[in-house]
Amino acid sequence: IARRSGVTTTSTTPSVGWVYEVLKDKAIGLGALICNQGAQYSADIVSASRTGRAYRHVRIVVDTAVTPVRIVYRRDLTDRGWPLESQILTQLTSGQSVQNGGASRVSGGLR
């Protein structure tokens with residue numbers, strides 16, 4: 001990921017050529033699975049009660065190519081256990097506030 005953000009290109013069309021530079025021969029055959037732009041984004045969402053004793057964890061994929069934007073996939077992952085760093089749960093159960101506790105991450109370019 002760090003390598004990708006540092007790549008500069010003179011082309012007006014984004015490229016996935018950086019994948020070969022990073023993965024070398026392991027990149028063979030990945031071309032059909034990788035795209036340089038996308039309209040689908042995934043998100044892992046965690047919501048917790050103020051005490052941290054109750055929480056939900058879901059993964060969704062949204063399609064932004066349609067209006068209105070729609071959720072095309074949703075899966076409840078709560079049964080897999082607490083998904084964040086254990087110190088966040090400790091802070092919640094002790095009544096402390098959590099600052100930027102679940103750094104948001106969005107990924108795109110799904111096919």
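**Strands, bridges and one ring pair**

Thr78 counts as buried, because its relative accessibility is 17% and the cut-off for buried is under 20%. Please keep in mind that everything I show today comes from a predicted model. I will stay with Thr78 for a moment and then move outwards.

Where does Thr78 sit? Thr78 is in the loop between S3 and H3. Its side chain makes a polar contact of 2.7 Å with the side chain of Asp76. Which residues does Thr78 touch, once neighbours within four places in sequence are left aside? They are Tyr55, Arg56 and His57. Two of those names will come back, and so will Asp76.

Now the overall layout. The protein chain has 3 helices and 4 strands. Going along the sequence, their order is α-α-β-β-β-α-β. The chain has 111 residues, and 16% of them count as buried. Its accessible surface is about 8,600 Å², with 52% of that belonging to carbon and sulfur atoms. As for contacts, take those in the chain with a separation of 6 or more: 33% of them are between residues 24 or more positions apart.

Next, the strands. Strand S1 covers residues 40-48, and it pairs with S2 in the antiparallel sense over 9 bridges. If you want one position to look at, find Ser47, whose bridge partner in S2 is Arg56. S1 and S2 form a hairpin, with 6 residues between the two strands. In that turn is Gly52, which has a positive phi of about 80°.

S2 also pairs with S3. That pairing is antiparallel too, over 6 bridges. Here the position to find is Ile60, which stands opposite Arg74 in S3. S2 and S3 form a hairpin as well, with 6 residues between them. The loop between S2 and S3 holds Pro68. The peptide bond that joins Thr67 and Pro68 is cis, with omega at about 0°.

Now the charged side chains. How many salt bridges are there? The count comes to 2. In one of them, the side chains of Arg59 and Asp44 meet, with 2.6 Å from N to O. Arg59 belongs to strand S2 and Asp44 to strand S1, so this salt bridge ties together parts that are 15 residues apart in sequence. Are these two buried or exposed? Arg59 is partly exposed, at 32% relative accessibility. Asp44 is also partly exposed, with a relative accessible area of 42%.

Asp76 and Arg56 form a salt bridge too, and their closest N and O atoms are 2.4 Å apart. This pair links distant parts of the chain, with Asp76 in strand S3 and Arg56 in strand S2, 20 residues apart. Asp76 is partly exposed, with a relative accessible area of 29%. Arg56 counts as partly exposed at 46%. You have met both already: Asp76 makes the polar contact with Thr78, and Arg56 is among the residues that Thr78 touches.

On to the rings. The structure holds 1 aromatic pair. Why is the pair of Tyr55 and Trp82 called edge-to-face? The ring planes stand at 90°, so the pair is edge-to-face, since planes over 60 degrees apart are given that name. The ring centres are 5.1 Å apart. This pair also links distant parts of the chain, 27 residues apart: Tyr55 is in strand S2, residues 55-63, while Trp82 is in the loop between strand S3, residues 70-76, and helix H3, residues 86-93. Trp82 is buried, with a relative accessible area of 18%. Tyr55 is partly exposed, at 23%.

One last residue, in another loop. Lys24 lies between helix H2, residues 18-23, and S1. Its phi is near 55°, a positive value in a residue other than glycine. Lys24 counts as partly exposed, at 47% relative accessibility.

To go back to the start, the loop between S3 and H3 holds Thr78 and also Trp82. Thr78 is in contact with Tyr55, and the ring of Trp82 pairs with the ring of Tyr55. That is all I have.

Notes
Residues numbered from 1 in each chain as written. Predicted model: local features only at pLDDT ≥ 70, side-chain atom pairs only at ≥ 80, totals over all residues. Heavy atoms only, no water. Phe/Tyr/Trp six-rings, centres within 6.5 Å; stacked < 30°, edge-to-face > 60°. Buried < 20%, exposed > 50% of the residue type's maximum accessible area, 1.4 Å probe, protein only. Pairing = 2+ DSSP bridges. Contact = heavy atoms within 4.5 Å. Areas by Shrake-Rupley, 256 points an atom, 1.4 Å probe, with all protein chains shown as cover. Salt bridge = Lys/Arg side-chain N within 4 Å of Asp/Glu carboxyl O. Polar contact = N/O pair within 3.5 Å; in protein donor to acceptor, adjacent residues only side chain to side chain.
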